[in-house]
Amino acid sequence: MSTETPAWQADIDATAAASLAAIAAAQDLATLREVEVAALGRKGSVTALTKRTGQLDKSERRAYGAASGGLRKQVQQAIAARRDAIRQATVDAELADLSFDETLPGTEPAGGHVHPLSRVQLELEEVFTSMGFAVLDYPEIESEFDNFEALNIPGWHPARDMQDTFWLESGHLLRTHTSAGQVRAMHQLEPPFRAIFPGKVYRYESTDASHEHTFHQLEGLMIDRHVSVGHLLDSMRTLLSAIFRRDVQVRLRPGYFPFVEPGFELDISCQVCGGPGCSVCKHTGWVELLPCGLVHPNVLRAGGLDPDEWQGWAFGLGLSRLVMMRYGVSDIRLLLGGDARFVEGFHAGA
Amino acid sequence: MFVSWNWISELVDTTGVDPKAFADRFTLAVAEIEGVVDVAAGLDQVVVADVVAVSPHPNADKLRLADCDLGHATVRVVCGAPDLRVGMRVPFVPPGVTLPSGIEVRHGEVRGVPSPGMLASEADLGLSEEHAGLLELHGCDAAPGTPLCDAVPIRDVLYEIDNKSITHRPDLWGHLGMAREVAALLDRPLLRPSTEGLAFTDADPVSLGVSPFSACRRYLCARFEGVVVAPSPVAVRLRLRSLGVRPISNVVDATNLVMLETGNPLHAFDARHVRGDAITVRQAVEGETLVTLDGVSRGLTSADCVIVDEVGPVALAGVMGGANSEISGDTTAVVLEAASFDGAAVRKTASRLGMRTESSARFEKHLDPETAHLAALRFAHVLLRLSPGSQLVSRLADVGRHVDAPPQATQIHTRRSYLRSRLGLDATQLTDAWMDRALTALEFDVQGPDEDALVVTVPSFRAGRDVGIAEDLVEELGRVYGYDHIPSQAPRVAARPPFVPPSKPQDRRARAAMALGCGLTELVLYSFESESFRERVGLQERGADGDVLPREVLRNHLSSDMTHMRRLLSNNLLAATERNLLHGTRAADGHKGTRVGLFELGRAFVPVDLPREADHPAVDWGLPAPMASGDAASQTAYLANLNDVLREGVQSAVATKRPLPWQPRRLAIAIGERLGGGQDGLVQAPRSLSVALYREAVGAVESLCAQLQRPAPQLARQPEPGVLPSGVTSGPGAVDLRPAWLHPARHATVAVAGRYVGLISLVHPEVRGALEVPAEVVLVELDLDALLSVDTVAERGEAPARFPPSAFDLTLPCQLSARAAALTGALHAAAAAAVDDVDVDVRWVSEFVAEAGGAAADPTGDGDPFPRAMTFRFTSRRAAGSLTDDDVRAVRAAVLRCAAEQASVRPGWAAEVDA
């Protein structure tokens, strides 16, 4: 075996040293990739050495082949090792870097806003439909008949004065209550039925923080055989507990509304103090919530029903008031005031 | 109204009842008690004192020194009351007492003179607001030193009743009625005030006449002589005061006491001033005047009812007496009026003249004429007590409709079982005996022809408008029984899904699409329009022929700015956009508050054109369904079931037969952005902004249609103002085609499946210039009812394509007359011929248009007639495999060929691209 070092060995060693140094110096994967191409690519330095085999003596080819192949393998392994090292170091560095600010505020998505009246109305519609109530929608410009006569409000009644009602030149009026839909509902649906009809109502009265000429109500009506005060009590307690999402106690006081007999003012247990008394309930433990009662026989007649066969109960819930109670709105005029900033306080979740 | 527990206790035995605890029961059974007032609490140490000497204060002109006999001692205190005099009997407050009014009485000096205590006025003691002088204890014969509360019955508990809760109960406007309720609740007898032993004579009090056409139902009259007008005893004065009535003199106080007792207001005339000794009740003559007791001259109309003597009016019926016949200090003869007037007439007069008095407030409730008779008798009793020398010198004259034709007693025929079942109680809970006792206590007469049947006669003071049917008895029994004792009962429930009209889910989805999808803010606005805004901005709705379209007009309105109903939602939304741009929004939208995006869902009001009635048979006539149906048999059956009042109402509605206006449900959108500058009413918007806002609005409409599962909207400009594009049809109550804000060159009608549903438009330049804040605004008004009438598009669960698509973009230089819809259509047809499936989308549009309004034909002035660059993206797919390069080349070639054929695309462009 020859002990003389072949002439090409220097080239192999030099290339190996240069490549290994470049590999060791590479600090990131991109540089390493460049080094890899420069060494092992088609025009790379290691590849160039391999291509030289043909120019050598046959006697040297085997040894040269082994050396250049060894070099290639050595460089490949070095690159692979270096790649693993860089990858590991980069991951380690990211894991160790605590400069990330996890308290940055979120960027706001371009979501819009649903008016709180719509939100509450929708929520109530869902509660009521889940309990088998039809949801109806009736005109805001109403006939005198549907708003008054059909509800047993005769001509002499103070509610029919100009003072309380917006009248139109056409002879019709802006409904003063959603009760105007009661007789329409009796004609629309086959008894027995349960229905609500929410919507806008109008009163001819000047406005202040607690009075509006336009506001929203939700009427409830149930028609069945043998309806009693006991049913009304049970229904109201169940419905109001669903609306307020907690157990609500109710009590009835006499109240006069021409379209119900007997008629009631319904109080609920104070939702703020829960009974012992506070400033909200004027220390009574009860808060007046809505008028209700058993449907007056004349209203049933106007609805084409025989009062001996069918009875019912009805209530009128102030949607605007419910919104004010729920969201602590102190001035009713904010609801229809058209200021987008007010609505922007509420999110779109409808 | 205040109710005195002391007074109640004179009319029913209340022994053992705590008025404060009883208040709850009363509220639940009778009327709402808003407050319980403890009168004279904290006055235990106040005593009766006699003023025995008065001397001047050495250091003060307005103060004096009073020597007071307190029984066990005499003390000297400083007193500032102007009416202080020797011989007065007054309340003395010893030192160390804090009065209900907050005054602390101390051992102290007043201007250098010691004053161990004080003499008190009513206000000092918290009994009333009266603080002009000391509370003089007239008619009190207790010895000096006696505790005040023992000497005078001032200790009381007052119920403050919510007047609204007794508007339907005329009988509750006096203590007698309240006491009857208390008696029934306590199951104890009512102690009626005496009406016996009055010595009427045969003489006529005056010559009395009542016009049958007047609002007077009953008029009773009596005459008293020998009357000595004097202050009433202190007990009477304090009672009146605590109930909110000012004591005046024994005669006037007697009318007020009886009013507070029976609920029936009375009036006393000085007989000297009743000219001609004649009293007539009639309608006032137009232009007649009367100076009322408050000194104001009142102009009367024929709607008012007046009491006149031979010369002219002396009282305004049921509201207030005249100054000309007022009781004065030297009155000796008194003519009493105890009357009953029609409630509505009194209400109208009182409200027209703006004079709600204690009297009118009661008469408005339509009092029982029988109560007037009781009140007349009670007045005689009370006057004879308060002015002991007076004599009755006439008969009790009694005239009027009520006397000529007394109404029949109201009887209710019902069954005990029916009353029980309405309450949800059975015979063991609500026994026959209990029922009879409760009704009898309320003075109903109860007869039971058989075990179940009941004939109940309603007392006159409850008959008429209060109690008339069995359901009213249900209420009487229920409230006495206690609604809180009625067990609650779950209703029987039919298991079937409730009816929900399609408009409800539509509303919900539309709202979600606008707020969640498009980032818009929902407003709920008034249904009235601001006329001043309309005028400033020049808003008007015109029909195809250019005529101004009518709106619903209010007959009575709260403000001259608010006289019409909206015909379009978008007008109000435009006004709201202006206001919100003025004050800015919360600026969370990345536009620093210079941009607003709003929407509203609600009804518009479109008057129905009467002559076109036949075109729209479905119009709602405002009649109950059977009457609107036109089916004679169901009409007859319906009418037969009604009572008289209802039948009359139906017939009058049928006779006038006025259709209700169309009240379509609409969605309006407004997106506005504030602009800088603008002057002399000219505000220009950058073209790119106008395009962006317009496209945002179109996007909202497209997203709405998608959410509602309707076909994609077709947009087209009106070929002429007010004319729908060809192939588009419209229905009644549709969105007006020519609102004033419509921009004739920058709008589109929106059609869905060939049906006109509304408009999208940038605002007219004149409107832009008239806004208080320079802004570009795009408005949308869509008719949701019309959209609802279009068939839904079926959604299908298709498997996603298995092979990836390939996409490329092409930018076409176009004329400004080019239309995206037409180009997209043509390009799509061409591409689709080359491949199985292709989507063509407009990716980008840019216009090399000079800002601030260059000429449209050559906006940049560089002579390029193709200044609009439209970039389309073509996404192609094969059903059965991946796209090959050949496929893509085929699509591209087809598209380029098609583009070369388009007149609006620069000629030769396709060849350049292909090269």
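1. In chain A, the loop between β5 (214-224) and α8 (229-244) contains A:H226, a residue that is not a glycine and yet has a positive phi of about 55°. The model is a predicted one, and this backbone value should be read with that in mind. A:H226 counts as exposed, because its relative accessibility is 57% and the cut-off for exposed is over 50%.

2. A second residue of chain A can be set beside A:H226. A:K282, again a residue other than glycine, has a positive phi near 50°, and its place is in the loop between β7 and β8 (286-295) of chain A. With a relative accessibility of 66%, A:K282 counts as exposed. As background to these two points, most residues other than glycine have a negative phi, and most peptide bonds are trans.

3. Chain A also has cis peptide bonds that a reader going through the backbone may wish to look at. One of them joins A:P191 and A:P192, with omega at about -5°, and A:P192 is found in the loop between α7 (182-188) and β4 (193-202) of chain A. Another runs from A:E261 to A:P262, with omega near -5°; here A:P262 lies within a strand, namely β7 (residues 260-269) of chain A.

4. Turning to the contact between the chains, 91 residues of chain B are in contact with 108 residues of chain A. The size of an interface is often given as the accessible area lost when the parts come together. For chain B and chain A this buried area is about 8400 Å², and carbon and sulfur atoms give 57% of it.

5. Which polar and charged links cross this interface between chain B and chain A? The rule finds 4 salt bridges across it, and one of the salt bridges in the model joins the side chains of B:K504 and A:E125, at 2.9 Å from N to O. The count of residue pairs in polar contact between the two chains is 40, with both residues at pLDDT 80 or more. On the side of chain B that touches chain A, the residues divide by class into 46 nonpolar, 21 polar and 24 charged.

6. Within chain B, is strand β32 (residues 742-752) largely enclosed or left open? Of its 11 residues 8 are buried, so the strand is largely enclosed by the rest of the structure. Strand β30 (residues 714-716) of chain B pairs with β32(B) in the antiparallel sense over 3 bridges, and in β32(B) the residue opposite B:A716 is B:T749.

7. β32(B) also pairs, in the antiparallel sense and over 7 bridges, with strand β33 (residues 755-763) of chain B, where B:V763 stands opposite B:L742. The hairpin of β32(B) and β33(B) has 2 residues between the strands, and B:A753 takes a positive phi near 50° in this hairpin.

8. Chain B further contains an open sheet of 5 strands, in the order β5-β4-β3-β6-β9, with antiparallel pairing. At its edges stand β5 (74-79) and β9 (118-119) of chain B, each with a single partner strand, so one side of each is left without a neighbour in the sheet. Strand β3 (residues 47-57) and strand β4 (residues 60-69) of chain B run antiparallel and are joined by 7 bridges, and B:H57 stands opposite B:A60 in β4(B).

Notes:
Residues are numbered from 1 along each chain as its sequence is written. Chains are lettered from A and ligands numbered from 1 in the order in which they are written. This is a predicted model: local features need pLDDT of at least 70, side-chain atom pairs count only at pLDDT 80 or more; totals for chains, interfaces and linings use all residues. Side-chain values use heavy atoms; hydrogens and water are left out. Contact means heavy atoms within 4.5 Å. Buried area is the accessible area (1.4 Å probe) that two parts lose on being put together, summed over both. A polar contact is a pair of N or O atoms within 3.5 Å; within protein, one must be able to donate a hydrogen and the other to accept it, and residues adjacent in sequence count only if both atoms are side-chain atoms. Ala, Val, Leu, Ile, Met, Phe, Trp, Tyr, Cys and Pro count as nonpolar, Asp, Glu, Lys and Arg as charged, and the others, Gly among them, as polar. Helices (H or I, at least four residues) and strands (E, at least two) are DSSP runs, numbered from the N terminus. Buried means under 20% relative accessible area, exposed over 50%, partly exposed in between (1.4 Å probe, protein chains only). Two strands pair if DSSP finds at least two bridges between them.
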